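The following exercises are to be worked with the sequence and the coordinates at hand. Each task is followed by a solution in steps.

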Amino acid sequence: MGFSHLHLNKNTSLQVTKTKLDSLQRAGVELMIHMCPNCHIQYDRYQSVIEKEYGVEYDMVHMNIAQFVALSMGADPYKVCGFQTHSVPLEGFLEKAGII
């Protein structure tokens, strides 16, 4: 019910994504690493939409696996990983992890 379904049935897609975010929040997840670029878009771009629409707040960030691997190898979070393009800001997580 991710990115491709967003265009077919937005309400259902966002509700399914919200249910997953709720579960991750209860489990204490701080970083969600996505293998699928479309899933990364679904969670990163629409987390703030879901927060606003449903009156919830999530304390997690999202990275694509390639960004995570590059960051783990010492790549610059902005020049190489492109974190400035994310909808959910990563600065708090990066500071907590001692990266910036």
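**Exercise 1. Burial and surroundings of I50**

Determine whether I50 is buried or exposed, and identify the residues distant in sequence that it touches.

Solution. The model is a predicted one.
Step 1: The relative accessibility of I50 is 0%. Buried means under 20%, so I50 counts as buried.
Step 2: I50 belongs to helix α3, which covers residues 37-54.
Step 3: Leaving out residues up to four places away in sequence, the contacts of I50 are L14, T17, K18, L21, G55, V56 and Y58.
Step 4: For one of these partners, L21, the separation along the chain is 29 residues, while the C-alpha atoms of I50 and L21 lie 9.4 Å apart.

**Exercise 2. Geometry and buried residues of helix α2**

Test whether the span of helix α2 agrees with its number of residues, and list its buried residues.

Solution.
Step 1: Helix α2 comprises residues 10-26, 17 residues in number. The expected span is 1.5 Å times one less than the number of residues, which gives 24 Å for helix α2.
Step 2: The end C-alpha atoms of α2 are 24 Å apart, in agreement with the expected span.
Step 3: S13, L14, T17, K18, L21, D22 and L24 are the buried residues of α2. An α-helix has 3.6 residues a turn, so residues three or four places apart point the same way.
Step 4: Among the buried residues of α2 are L14, T17, K18 and L21; these four also appear among the contacts of I50.
Step 5: Just after α2, G28 adopts a positive phi of about 80°.

**Exercise 3. Aromatic rings**

Establish how many aromatic pairs the structure contains, and which residue lies over the face of Y54.

Solution.
Step 1: Searching the whole structure yields zero aromatic pairs.
Step 2: Over the face of the Y54 ring lies K18, at 5.5 Å from the ring centre.
Step 3: K18 is also listed among the buried residues of α2 and among the contacts of I50.

**Exercise 4. L94 and P77**

Locate L94 and P77, and compare their lists of contacts.

Solution.
Step 1: L94 is placed in helix α5, residues 91-96, whereas P77 lies in the loop between α4 (65-72) and α5.
Step 2: L94 has a relative accessibility of 0% and therefore counts as buried; P77, at 8%, also counts as buried.
Step 3: Beyond four places in sequence, L94 touches L71, P77, Y78, F83, I99 and I100.
Step 4: By the same criterion, P77 touches L71, G82, F83, Q84, L94, I99 and I100. L71, F83, I99 and I100 thus occur in both lists.
Step 5: Two C-alpha separations complete the picture. P77 and P89, 12 residues apart along the chain, are separated by 12 Å; L94 and Y54, 40 residues apart in sequence, are 27 Å apart.

**Exercise 5. The chain as a whole**

Describe the order of helices and strands, and decide how the radius of gyration relates to the globule rule.

Solution.
Step 1: The protein chain has five helices and two strands, arranged along the sequence as α-α-β-α-β-α-α.
Step 2: Its radius of gyration is 14 Å, close to the 13 Å given by the globule rule for 100 residues, so the chain is as compact as a globular protein of that length.
Step 3: The C-alpha trace spans about 40 × 25 × 20 Å along its principal axes.
Step 4: Of the 100 residues, 35% count as buried. Among contacts between residues at least 6 apart in sequence, 62% join residues at least 24 apart.
Step 5: The accessible surface comes to about 5,900 Å², with 56% of it belonging to carbon and sulfur atoms.

Note on methods: Residues numbered from 1 in each chain as written. Predicted model: local features only at pLDDT ≥ 70, side-chain atom pairs only at ≥ 80, totals over all residues. Heavy atoms only, no water. Phe/Tyr/Trp six-rings, centres within 6.5 Å; stacked < 30°, edge-to-face > 60°. Lys NZ or Arg CZ within 6 Å of the ring centre and 35° of its normal. Helix = DSSP H or I, 4+ residues; strand = E, 2+ residues; numbered from the N terminus. Buried < 20%, exposed > 50% of the residue type's maximum accessible area, 1.4 Å probe, protein only. Contact = heavy atoms within 4.5 Å. Rg over C-alpha atoms; globule rule 2.2 N^0.38 Å. Areas by Shrake-Rupley, 256 points an atom, 1.4 Å probe, with all protein chains shown as cover.
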